[in-house]
Amino acid sequence: MKSPFITVTIVLLCLCSLTGKATDSLTYSLRHFDNSNGLPQNSVNTIVHDKYGYIWLTTENGIVRFDGDQFKVADIRNLSLKSNRFYTIFQDTLGNVGALNEKDEAVHIVEGVAMRYRFHSNERRHYQKWYQPGMKNHHGTSYALSLPNESTRWGARIHELKLYRDERSFYLYHNDTVSYVRDGVVRNTLPFPVDKCWNFFMLDGRFFHLESDGEVTEFSKQIKRSTLKGDILSDPFYRHSGRQVVPFWSIYDTSHLLVYFNHTFYLVTRNSNDELVTRKLVDNFDITGKEIRCAFYSAKDGRLLLGSATNGLFVLSLQQFVAKYGGEGSASYYSQMPYGQDGILIPNGYILKPKGAAIPLPPFRRQNISGFYSISTDGNGGSWTSRGIWLYHLQLSTFRLLSTDTLPSSVSMLYRDDKGLLWIGLKESKGIAVLDDNRKDAVPVLLHAFKGEITYFAKLNSRQMCVGTDEGLFLLNPLNGSIDTIKGLEGKYIRSITVTGSEEIWATTYDHGFYLYHKGKLTHFPYDPDGYITTAHCMVPDRKGFFWITTNRGLFQVSKKDLLAYSENGTFPLYYQYYDKEDGFFTNEFNGGCQPCAVSLNNGYISLPSLKGMVFFNPDSIKPILPEAAMTIDQLLLDNSPLPVKNKVKLPREFSLLQVMYSSPYFGNSKNLIVTYALVKNAGDTTWLPLPAEGKVSISTLPAGDYSLVVRKLNGFGYGNFSDKVLQFAVPLAWHETRWFYVTCALLLLILSWLFVHLRVRYLQNKALLLDMMVDLKTKELKKRTMFQQRIVQSVSHNVLSPLQYQQFLSEKILTAAKKDGGATVKMASAMNEHTSYLFYMVSNLLKYLKSQVEMGPVSGVYSPAAVAEDIQKIFLAIASEKNTEILNNIPDWLMLWGDEQLLSVMLYNLVDNAVKVTRKGVIVMEMIMEDDLLLLRVRDTGPGVPEDVKHWFNKPGSEAGPRKGSGIGLLIVKELAVAQGLKITLDSSEGEGSSFTIVSFRRHA
């Protein structure tokens, strides 16, 4: 969670009464921290920075690290200390920052982490020895070498001071003399008695003393006296009012000195003439009321940090942008045009400049001819403006109205190209009009209609004009009227168009960010992490290779080179430098929908319209604060217990939670610190997630393996400019995942496999033996069954067929005798004979079927199918006659077949029997036909047909029983006998139209 802070913008005025002249104010943003929003205590005694970029504060409740957003406290709770009261900053032998508490216990900072430190006996240390006048035993040694001097603050006197210049030399003040010692030899001694002012300091390796009136003494081979030069001289009270110059300095950073005079902070540096020159940093700031006791200035990003005895920490950052209001009326600005070398003219008739107040142009304002959204120069000291359907041409030097023209609809945009053509965008889909500004009598001429509203113009080349609308981006050829639509931007609301380089078209849109169209390729650039850039109003290039993009939520700076690299190979993320109102705007919401959407002035400044004022800045002087510092692992916690911070960590097999705390010092806008992380096990499965604001990554239980926790931070501009902080850790294998476990399992598997095979073989042998016994048993049973079936056949032949045959013989004799007598006896005898014959043939056929089943296969030979059919015809002739049904045998007498005559007889018998049973007053035909080189035997009738379920059953392979109880026995016999002879039989039947049974693949006898 980010540390809360209070932010205000303080306007630090150089008042005329103090300086004697009026100048533009220096503007800083101010952040104030105390014990309510991060500090452990409100007394900040010293401020320094370490080589990693962190700021360190000593307080009376611990030493504090500040990374620009959060505070981390080192105190008794995490260090073996007797006191939390820290006053002194020092530098250890390794060049690390260190601090001393009131018990002279040392802490030093290594890679951004505080830890205990013990001085070596031969370690060089800066010091000062003091005593309290009038108090005999009140004296001591202090290592807090900074200005203002803490010892003299409470009345102590310094009688000895030692400052190391380097490892071989130091300066020594003792008994009112200043000595320079090198390699243990005194090289120079100068007398210098000190009474009250104790302001010794080193600057760039040289030793100085500053008097309270601003006089400077330098100690070299002789004493040199001078005064401060530079901006401080513009203050009339300097060296004339008795007001004191207060120095702020620390032994830790001797590259500069800060002085405070008359509510103003100055930076003191040494120039090439060995003069101490001042540059004004902050004015109108009261250090007495805020009880400021220490100060630190970062020249890299222009930050001034001030520590208070009672009010915590103040961080002042120079605002690099200037916002201006233009007199009365609305402060929401849109269109503008350059005016002079360093100003702009806005539609309400005011001239705005980066420096100075707004200047009204009353004659322009009285004309009341300018709308808010578009204004254009005429290239000759005049301007083109519009209001509604009216187009005005004004001479600015005389404010004379040169012309007024009426257009078919309201004007949306105005743009004058380099050839003097004024392009006029019209609303209500009226399209574009043009006016030749080179001709005095020129009038607007309608050029081309466009769907939607014209939103922006930009000239691409001598043949094409880029036209933006609320429906997309188009390339218009004014010579032939052709229009090319940029594919991919259909339906997009174009806010602005910028043409650079070799016809590179940059387009900003509403809700879809910004694009590059170049050589037929359209590139859509990624959004910032917060998505602010989705609504991009304007994209203006500067002379240093950057684009500045205005949005509803702030301003972005991006490298053009990076954008082109992304267009070629969109692999890496883009870095956008973000600016908001802390940098000097009145609001984060910029305005768009106007032309021009930005103006570049001759003095290098750029002006941008916003919802509250016009924003000016000079891109050449902007110093972006980039997140260049490295990432640091602050702490490792395993199940809430700390681990040593290393790049490689071995974790236990069973753990619940691993927590890794990261930080990176950054004192700019926190939105520019873009950090992601990924837990990588295999190179191909990397998923990047944003690092939480508090910098903590939590990892729960993981399976065994080697992992890399990669934290990636964008370092600023430069495509692919990022750095990775990699933490490697390993989760050991469980006992059941080790190699020995797998080897043991493999051996056990081999043993079990051998045992399984052995038992399986024995099982199969026993099963084979049992199977042989069962086969013998079944064979015996089958023989007994076969014998039983043969006996049945013999029995039927003897006990049934013989009596039936004898009965038939008797019935035939009776019929012969009855014919001699005539009368009714003949009819009865005839019927008895016919039915007896039918019964005889039925039983005979049944016996033939049983014999084929018992004997396991047909008996082949040559036979006449016509003779077989004739026998069947005779059997059923009388029964069919009773039903007025005719049986026809259409099989040729000459046709001879090879096969089992008895089985065919059984099949025909059953087929004709079924037909006779159901056919009345119809015809039953037995025929033999040739079809597609196949010999077919067909039995068809004109009966009622076969039910659909019986038909489906018969045509389905298999010999299961029929679908209806008590039916289908004859047909089942036919199916089985066909299969036994290798024949195929099919049934074709329709209810009410009869049936047709076809037997296929008979072998003809040659």
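This passage describes some local features of the structure shown above. The model is predicted, so that local features need pLDDT of at least 70 and side-chain atom pairs count only at pLDDT 80 or more, whereas totals for chains, interfaces and linings use all residues. Residues are numbered from 1 along each chain as its sequence is written, and side-chain values use heavy atoms, with hydrogens and water left out.

Two peptide bonds that precede proline may catch the reader's eye. The bond from Leu147 to Pro148 is cis, its omega being near -5°. Pro148 sits in the loop that links strand E13 (146-147) with helix H2 (150-153); helices (H or I, at least four residues) and strands (E, at least two) are DSSP runs, numbered from the N terminus. A cis bond also joins Gln595 to Pro596, here with omega near 0°. Pro596 belongs to the loop between strand E54 (577-579) and strand E55 (599-600).

Positive phi values in residues other than glycine come next. Asp176 has phi near 60° and is found in the loop between strand E15 (169-174) and strand E16 (177-182). With 37% relative accessibility, Asp176 counts as partly exposed; buried means under 20% relative accessible area, exposed over 50%, and partly exposed in between (1.4 Å probe, protein chains only). For Glu291, phi is near 55°, and the residue lies in the loop between strand E26 (276-282) and strand E27 (292-298). Glu291 is partly exposed, at 38% relative accessibility.

His126 offers a view of a buried loop residue, at 18% relative accessibility. Its place is between strand E10 (113-117) and strand E11 (127-131). A polar atom of the His126 side chain lies 3.0 Å from the backbone nitrogen of Tyr164. Apart from neighbours within four places in sequence, His126 is in contact (heavy atoms within 4.5 Å) with Tyr143, Leu145, Lys162, Leu163, Tyr164 and Ile251.

Finally, the surface carries a nonpolar patch formed by Leu748, Ile751, Leu752, Trp754, Leu755 and Leu759, with about 640 Å² of accessible area together. Patches are made of residues with over 30% relative accessible area and no salt bridge, like charges being joined within 9 Å and nonpolar side chains (Val, Leu, Ile, Met, Phe, Trp, Tyr) within 5 Å. A salt bridge is a side-chain nitrogen of Lys or Arg within 4 Å of a carboxyl oxygen of Asp or Glu, and accessible areas come from the Shrake-Rupley method with a 1.4 Å probe, where for residues only the protein chains shown count as cover. Within this patch, Trp754 is part of helix H5 (residues 739-821) and is exposed, with a relative accessible area of 59%.

Methods:
A polar contact is a pair of N or O atoms within 3.5 Å; within protein, one must be able to donate a hydrogen and the other to accept it, and residues adjacent in sequence count only if both atoms are side-chain atoms.
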